[in-house]
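The exercises below ask you to read helix packing, burial and side-chain contacts from a single model. Please work through each task with the coordinates open before turning to its solution.

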Amino acid sequence: MRLFRASARRDVAAPVAVLGHERTAEALALCAQHPLTSTLAAVQIAGSRFDTTTPGSRMLGIDAPGGRDVDVPGIDRPDLEGAGAGAGAGAGARAPGANGANGANGTGADAPGTNGLGRLRALTWVGANIVPVATTPEQRPAIADAIADHGRASSSVLGDAEQVLSMWDSLGRRWGRAREVRANQPLLVLDAPSAIEPDPLVRRGAVGEASIVAPASVAMFIEEVGYDPTRYGNGYVRRVRSLLSLGRTWIRTEPDPATGAERVVFKADVGALALGVAQIQGVWVAPDRRGQGLGVRGMATVVRDVLADVAPTVSLYVNDYNAAGLATYQRLGMRQEGTYATVVL
């Protein structure tokens, strides 16, 4: 376990450590105490073979002072996206906040982290994204130093807004200006079917439809992030195919009015699945079909299906300036349970 000591002006109760796989159980138990804001971190922790020598993906943690074991309520059988996790929780899983978050892990085996004890008090996942979990203002400068010392390899810092923006205050001093800071992204939740009538033409996509789903996914990404992800290789299209193979992409198709070729006019993905939470990402409606109700009725179908056989809670986060998106999700019946922030690097 490699340790990073904070300077005297940035002293914390315990040093920041790079944690190995033997601490996975504690990390997931800690994430389970904050399931709505820790979904992305839990996915990465459960599904990555990180270790203390791989700078590309690391888990940084801070233990209780003196290394004492403290009560960390466990999770019975968390549904975690990762190796062997399959599609996630069944409909009978309890929702986050009911004695922790739990469901089925897709393998039938008890998950680690059920002994109810742990020393871990805060963690930050560092990989393609940086995701802080249960960090305090006093801890974040030292965590930021430990991240910055390994260079700027991540594409964003995201998660709970207070933690992300506070951590970026320190990281930004080392790394300079961000490409964009999205400081207010309402975190919306729904744990019951919407009163909106579902769209019967929205369905799960199939792997064989990747050729028409990928262009819609790329168009969504360009609108949201500002560049074409396929410029950097085939990783994005592989991700599209992976979600289709898992049954986690919903689409509506219809003939293109100009060419007659089948095209996607609505899509949404369960982009992250962990701790009884299915986080919806990549919601998109074809520009010429916007303002016609496809988004809200399509999402009503997605919510119905997800709650039936994927996870007991649906969440998503949306930029505060996306008035149309916010109006759609409010009509759907979603309620705000927190605030995300994203710092695009």
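**Exercise 1. Anchoring a side chain**

Task: Determine which backbone oxygen atoms the side chain of Arg297 reaches, and at what distances.

Solution. The model is a predicted one, and the values here are computed from it. Begin with the backbone oxygen of Pro198, which the side chain of Arg297 reaches at 3.0 Å; the backbone oxygen of Glu197 is reached by that side chain at 3.1 Å. Next, place the residue: Arg297 belongs to helix H7, which spans residues 294-309. Then widen the view to contacts, leaving out residues up to four places away in sequence, and Arg297 is found to touch Ile196, Glu197, Pro198, Asp199 and Pro200. A further check on this region uses C-alpha positions: Arg297 and Ser194 are separated by 103 residues in sequence, while their C-alpha atoms are 9.4 Å apart in space. Finally, Arg297 counts as partly exposed because its relative accessibility is 30%, a value that falls between the limits of 20% and 50%.

**Exercise 2. The partner in the loop**

Task: Decide whether Asp199 is buried or exposed, and find which side chain joins its own in a polar contact.

Solution. Locate Asp199 first, in the loop that runs between strand S9 (180-190) and strand S10 (203-204). Its relative accessibility is 3%, so Asp199 counts as buried, the cut-off being under 20%. The polar contact joins the side chain of Asp199 to that of Arg252 at 2.7 Å. When neighbours within four places in sequence are set aside, Asp199 is in contact with Arg252, Arg297, Gly298 and Thr301.

**Exercise 3. Helices H1 and H2**

Task: Work out how H1 is oriented relative to H2, and which classes of residue make up their contact.

Solution. Two packed helices are described by the angle between their axes together with the distance between those axes. For helix H1 (residues 24-32) and helix H2 (residues 35-47), the angle is about 160 degrees and the axes are 8 Å apart. Because this angle is over 145 degrees, H1 is roughly antiparallel to H2. The crossing in which H1 passes H2 is left-handed. On the H1 side the contact involves Thr24, Ala27, Leu28, Cys31 and Ala32, and on the H2 side Pro35, Ser38, Ala41, Ala42, Ile45 and Ala46. Sorted by class, the contact of H1 with H2 holds nine nonpolar residues, two polar ones and no charged ones.

One member of this contact, Thr24, deserves a further step. Thr24 counts as buried because its relative accessibility is 11%, and a polar atom of its side chain lies 2.9 Å from the backbone oxygen of His21.

**Exercise 4. Two oblique pairs**

Task: Establish the angle and the axis distance for H3 with H4 and for H5 with H6, and then describe each contact by residue class.

Solution. Helix H3 (residues 140-148) packs with helix H4 (residues 161-175) at about 50 degrees, and their axes are 9 Å apart. H3 and H4 are therefore oblique to each other, and H3 passes H4 in a right-handed crossing. The residues that meet include Arg140, Ile143 and Asp145 in H3 and Glu162, Met167 and Arg174 in H4. By class, the contact of H3 with H4 has eight nonpolar, three polar and four charged residues.

Helix H5 (residues 210-225) and helix H6 (residues 235-245) pack at about 120 degrees, with a distance of 10 Å between their axes. H5 and H6 are therefore oblique to each other as well, and their crossing is right-handed. Contributors to the contact include Val213, Ser217 and Phe221 from H5, and Tyr236, Arg241 and Leu244 from H6. The contact of H5 with H6 has nine nonpolar residues, one polar and one charged.

**Exercise 5. Positive phi**

Task: For Ala134 and Leu275, find the phi value and say where in the chain each residue is placed.

Solution. Ala134 is not a glycine, yet its phi is positive, at about 60 degrees; this residue sits in the loop between strand S7 (129-133) and H3. Leu275, also a residue other than glycine, has a positive phi near 60 degrees, and its place is the loop between strand S12 (262-274) and strand S13 (277-285). With a relative accessible area of 0%, Leu275 is buried.

Note on methods. Residues are numbered from 1 along each chain as its sequence is written. This is a predicted model: local features need pLDDT of at least 70, side-chain atom pairs count only at pLDDT 80 or more; totals for chains, interfaces and linings use all residues. Side-chain values use heavy atoms; hydrogens and water are left out. Helices (H or I, at least four residues) and strands (E, at least two) are DSSP runs, numbered from the N terminus. Buried means under 20% relative accessible area, exposed over 50%, partly exposed in between (1.4 Å probe, protein chains only). Contact means heavy atoms within 4.5 Å. A polar contact is a pair of N or O atoms within 3.5 Å; within protein, one must be able to donate a hydrogen and the other to accept it, and residues adjacent in sequence count only if both atoms are side-chain atoms. Axes are lines fitted to C-alpha atoms, for helices over the stretch in contact, and angles run from 0 to 180 degrees between N-to-C directions. Angles under 35 degrees count as roughly parallel, over 145 as roughly antiparallel, 65 to 115 as roughly perpendicular and the rest as oblique. A crossing is left-handed if the near helix is turned anticlockwise from the far one by less than a right angle, and right-handed if clockwise. Ala, Val, Leu, Ile, Met, Phe, Trp, Tyr, Cys and Pro count as nonpolar, Asp, Glu, Lys and Arg as charged, and the others, Gly among them, as polar.
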